[in-house]
Amino acid sequence: MSKQVSKEAKVVVVNKIGGNEQSSNQSGGSSGETSNASESTNQSEARTSRLAQVDSLLNSNYDDIPWDEISYGVETMYTAWPSISIDMQALNVNESDISSFSTTLDGVAQAVKAGDKNSALINLYNLYALLPKYLSYFSSDESKLNIYNTKAYVLSSYVSANSANWEEMNTNVTNAINTLSKNMQTEGISNIEKSTLEKSYVLLEELKRGVSLEDKEIFYMKYKLAMEQLEIL
Amino acid sequence: MKKQISKYLLITLMIICVILLITLIYIRFFSNNESKEYAILKEKAEGEITYLDSSIIQLMNNLNNISYSRYQVTIKEINESEQQNNSSSDKENSGNGEQTSQQGSQSSSSEQNRWK
């Protein structure tokens, strides 16, 4: 935490809470608590909000996993899945493909509950691998499918990074590059799309170089950059 | 007699033509509706896949504390009365050495200010 404080960028807001100066934009729970405290002890509190830089991935603690946040995300997916599965059925997606999503989601939940990072990563990747499959049932947009497949290859290498399987990572990143390059050859794409694709391609090449270094931290840093760019596509 | 037959024939043909026309319009209207519904469903499903795509990637990133954001908001809570006590104790400290231990405990409580 002290690291974040030292790296703070600028002060954004200073809110005074207590007495008549209670801020209106405070969340209900926290402002309630602070106003009660101010009534009982006749004290006023101030809050300062600051923008602090996120820790660098090169020096990050990869074992400090926010399981609560992850389990909340899994729960949200459980909430959304029933209506998504109905739509997939209406679009003639294979029944076994639909049910395998539910099964794999259960696997993710079990892994998260057990705090098993590797199993959670594998199950999440298996979930992701179903998405291009679903899309292929009702979309004829090859470039979209290629992007999903590229991301799937990158995620596969990301999963392998956890077990430091460098050979498999190299194969997956190479496959990602080859899949994305198919989109670059398509005719009729705009200049903006072309430059975004080219940037993604360069970042994937960088990722491949990161794999050859066999350094997890550098790989994660390059993975983040590549994935962020691929999500724009 | 012949004239009457041809008249009936003509009327029958006209009725058949009208029925065919109505049927054609009906089929076209419904097939259009169906294709529109299918297009809407397809678009909705694509949106759902995009949602699953970003959710799964975010969960996978969380497992290694990877976030796309460059900055995060941190909130610091400061208890002003304690701060005032601290500042007054500092003044008293400079003038009166006997109260040091008492104020020492107060200053330690002000250190409860935390970063979230």
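Here are three short exercises on the salt bridges of this predicted model.

Local features need pLDDT of at least 70 and side-chain atom pairs count only at pLDDT 80 or more, while totals for chains, interfaces and linings use all residues. Residues are numbered from 1 along each chain as its sequence is written, chains are lettered from A in the order in which they are written, and side-chain values use heavy atoms, without hydrogens and water.

**Exercise 1.** Work out which chains the salt bridge of D87(A) and K44(B) joins.

*Solution.* Start with the term: a salt bridge puts a side-chain nitrogen of Lys or Arg within 4 Å of a carboxyl oxygen of Asp or Glu. Here, N to O is 2.9 Å. Next, find the helices (DSSP runs of H or I, at least four residues, numbered from the N terminus). D87(A) sits in helix α3 of chain A and K44(B) in helix α1 of chain B, so the pair joins two chains.

**Exercise 2.** Is E46(B) buried or exposed?

*Solution.* Grab the cut-offs: buried is under 20% relative accessible area, exposed is over 50%, and partly exposed is in between (1.4 Å probe, protein chains only). E46(B) has 18%, so call it buried. Its salt-bridge partner is K144(A), with the closest N and O atoms 3.3 Å apart. K144(A), at 30%, is partly exposed.

**Exercise 3.** Find how many residues apart in sequence the parts tied together by K222(A) and E206(A) are.

*Solution.* First, the two side chains meet in a salt bridge at 2.9 Å, N to O. K222(A) is in helix α9 and E206(A) in helix α8, so the pair ties together parts 16 residues apart. Finally, R209(A) joins E206(A) and K222(A) in a network of salt bridges.
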